[in-house]
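This report describes the sheets, cores, helix packing and backbone geometry of one protein model. The sequence and structure are shown first.

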Amino acid sequence: MGFVLVSAIWISGCAGGQLGKQNSEEYRNGMVVSASPDASKVGLDILKKGGNAVDAAVAVQFALAVVYPNAGNIGGGGFLVYRSAEGETNTLDFREKAGAAASRNMYLDSTGQPIVDKSLYGQLAAGVPGSVAGMITAHEKYGKLKWADLLEPAVQLARKGFAITARQAAELNDLRDKFVQFNPFGTALIKEGQWAKGDLLTQSELANTLEQIRDKGRAGFYEGAVADSLLLEMKRGGGILTKEDLKNYQAVWRNAVTGTYKGYRIITMPPPSSGGIALIQLLKSVAPYPLRKWGNHADSTVQVMVEAERRVYADRATHLGDPDFYAVPGKELMEDDYIRSRMKTFSWSKATASAVVKAGGIKGKEHEETTHFSIVDKAGNAVSVTTTLNGSYGAAVVVKGAGFLLNNEMDDFSVKPGSPNMYGLVGGEANAIAPGKRMLSSMTPTIIEKDRKLFMVVGTPGGSTIITSVFQTILNVIEFDQNMQQAVTSKRFHHQWLPDEVYIEEGALDSLNQSRLKSRGYILTPRGPIGRVDAILKTKWGYYQGGADPRGDDLSLGW
Ligand code: DON
């Protein structure tokens, strides 16, 4: 039995109706926070059966591929950050790769201009999927329970169906035309008439595929009938992925990127995600300033954070890419002297124009979907996973006969130097397309230690806004004394160098702070929800607090 410290308060009024609730209980034995109540239940069940955090992560990843098909996936990729109860840290890169036939200019027309939809929809938008290899690799190293038992809940959810939420019904209805366009043979995601909340979504082809993976492991996906279906799909729609691409795909263990912020140790994802390095750069950039004294969302606090973001995203555009292909100057970018020199040009009286900010010289929108989940087990092992198809429902292609969605991750490459991708991010040589290369990511799964003990597990979807959402959530706890749920619920703002605007969620900044910032030259642009953070905090009394984002149907469960 879990020890309940605080009586349950269910916060009503979040979208998603009955399911969109946040759990304000604190727990002793472990916790799962994910974007889907069904997936959180799967994860908690595994923990209660004696599975560790990696076992639960594997089960949640596959469950999300069924119950959260807009971002949960087997056809996409992601990153996992691990910290054992004893303090061992590790990260797993299961990011997609460009196929061997990919080439630098593959999404440009004859005049050298990007053909935007080509990297966003259809078979050609897909990179080699990494999620199945990732889960197998994680399980081989750290898993405790049997592989098949971790897959079974997902198989059942796909076979028997699950009740969709109001939000999912609306998304599926919105995307109907896209699905029809890219799936001439139909898919379980298309329904006669309109989807409604509570409708059962059954995915029998996906169930068959999950059974293959359950029974044959890697060969059940990268070889055999499932791989054949994917290859046929490539042929049908002009994709380039080959049998060898699938066979050769490997997930990679990489050393975590680490840094400190006021005594807290940040353990986060290295390249090919830009997220970890950028997060540490941001925290170091603001560390000298008295944010706590100024207060959360006060003009000075926002100004310093935005100016840090401007400089860090400029660095991202030039210096970050797949480390297997490009020498990323990670250490230099995070050095204290370098960060200090970057913030020197900041002036209180006037916003620095992004046009004059370039990457440092180094010697040496609302339909965005990805998903993050955070897990801690009874022993105190922690896992932080962000995983994605890139855009909502990826390339909009469901592999015929295999029932899973293709990613459209190729759009995360810099298709042309200086040309923005779907998140408005620009890039150059470091993130140019090359065969077998991984596209740069912003995903920032992170674990934080205090006094060498677990303190926080955090991450979010949100494309380019991922890094700044994680940044704000951490500051909300460390600087502004919010509990985990408050820190997640708190309104957000975002700046990414280009475009030179500060995006703000409704209610993030009051009118006084807005007018002060405007008078200094900041362009404030209102926008819809930013991010969907799912996080866990370990309190000083040793209990786990969940933060499930009310912007979605997310749910934290503990025991
Ligand atoms: O890897 C990345 O940075 C993007 N493909 C993530 C996409 C994303 O977060 C969309 N979500 N809301």
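The sections below go through a predicted model, beginning with its sheets.

## Seven-stranded sheet

Seven strands make an open sheet in the order E1-E18-E17-E13-E12-E9-E8, and the pairing is antiparallel. Strand E1 (26-27) and strand E8 (257-261) are at the edges; each has a single partner strand, so one side of each has no neighbour in the sheet. At one edge, E1 pairs with strand E18 (residues 544-548) in the antiparallel sense over 2 bridges, with Glu-26 opposite Gln-545 in E18.

At the other edge, 5 bridges connect E8 and E9 in an antiparallel arrangement. Thr-258 has Ile-267 in E9 as its bridge partner. The two strands form a hairpin with 2 residues between them, and Lys-262 in the turn has a positive phi of about 45 degrees. The covered face of E8 consists of Val-257, Gly-259 and Tyr-261, while Thr-258 and Thr-260 make up the uncovered one.

## Helices on the sheet

Helix H11 (residues 275-286) packs on this sheet and touches E8, strand E9 (264-268) and strand E12 (446-450). The direction of H11 makes about 15 degrees with that of E8. H16 packs on the sheet as well, touching E8, E9, E12, strand E13 (453-458) and strand E17 (534-538). The direction of H16 makes about 135 degrees with that of E13.

H16 (residues 466-478) also packs against helix H13 (residues 299-319), at an angle of about 145 degrees and with the axes 12 Å apart. The crossing of H13 with H16 is right-handed. On the H13 side the contact involves Met-305, Glu-309, Tyr-313 and Arg-316, which meet Ile-467, Thr-468, Phe-471, Gln-472 and Leu-475 of H16. Sorted by class, this contact has 5 nonpolar, 2 polar and 2 charged residues.

## Ala-535 in strand E17

Ala-535 lies in strand E17 and is buried, with a relative accessible area of 0%. Leaving aside residues up to four places away in sequence, Ala-535 touches Val-33, Ser-374, Val-457, Val-458, Met-484, Val-488, Gln-545, Gly-546 and Gly-547. The C-alpha atoms of Ala-535 and Ala-487 are separated by 9.3 Å, and the two residues are 48 residues apart along the chain.

## Three-stranded sheet

Another open sheet is formed by 3 strands in the order E14-E15-E16, with mixed pairing. Strand E14 (493-494) and strand E16 (524-527) are the edge strands; each has a single partner strand, so one side of each lacks a neighbour in the sheet.

E14 runs antiparallel to strand E15 (residues 502-505) and is joined to E15 by 2 bridges. Phe-493 is opposite Ile-504 in E15, and His-494 has Tyr-503 as its bridge partner. E15 and E16 run parallel and are joined by 4 bridges; here Glu-505 is opposite Arg-527 in E16. From E15, Val-502 and Ile-504 point one way and Tyr-503 and Glu-505 the other way, and all are buried.

## Nonpolar cores

In soluble globular proteins, nonpolar side chains tend to be buried together. The largest nonpolar core in this model has 86 residues, and those with the most contacts inside it are Phe-62, Val-66, Ile-74, Leu-210, Ile-375, Phe-404 and Leu-406. Helix H2 (residues 53-67) gives the most to this core, with 13 residues. A second, separate core has 81 residues, including Tyr-261, Ala-278, Leu-291 and Val-426.

Within the largest core, Phe-62 is one of the residues with the most contacts. Not counting residues up to four places away in sequence, Phe-62 touches Ile-74, Val-132, Met-135, Trp-147, Leu-151, Ala-154, Leu-210 and Ile-213.

## Backbone geometry in loops

Two cis peptide bonds can be described here. One joins Pro-271 and Pro-272, with omega about 20 degrees; Pro-272 is in the loop between E9 and H11. Another joins Leu-498 and Pro-499, with omega about -5 degrees, and Pro-499 is in the loop between E14 and E15.

Positive phi values also occur in the loop between strand E11 (382-388) and E12, where Asn-390 lies. Asn-390 has a positive phi of about 85 degrees although it is not a glycine, and is buried at a relative accessible area of 2%. Ala-396 lies in the loop between E11 and E12 and has a positive phi near 70 degrees. With 4% relative accessibility, Ala-396 also counts as buried.

Note on methods:
Residues are numbered from 1 along each chain as its sequence is written. This is a predicted model: local features need pLDDT of at least 70, side-chain atom pairs count only at pLDDT 80 or more; totals for chains, interfaces and linings use all residues. Side-chain values use heavy atoms; hydrogens and water are left out. Two strands pair if DSSP finds at least two bridges between them. A nonpolar core is a set of buried Ala, Val, Leu, Ile, Met, Phe, Trp, Tyr and Cys residues joined through side-chain atoms within 4.5 Å. Buried means under 20% relative accessible area, exposed over 50%, partly exposed in between (1.4 Å probe, protein chains only). Contact means heavy atoms within 4.5 Å. Axes are lines fitted to C-alpha atoms, for helices over the stretch in contact, and angles run from 0 to 180 degrees between N-to-C directions. A crossing is left-handed if the near helix is turned anticlockwise from the far one by less than a right angle, and right-handed if clockwise. Ala, Val, Leu, Ile, Met, Phe, Trp, Tyr, Cys and Pro count as nonpolar, Asp, Glu, Lys and Arg as charged, and the others, Gly among them, as polar.
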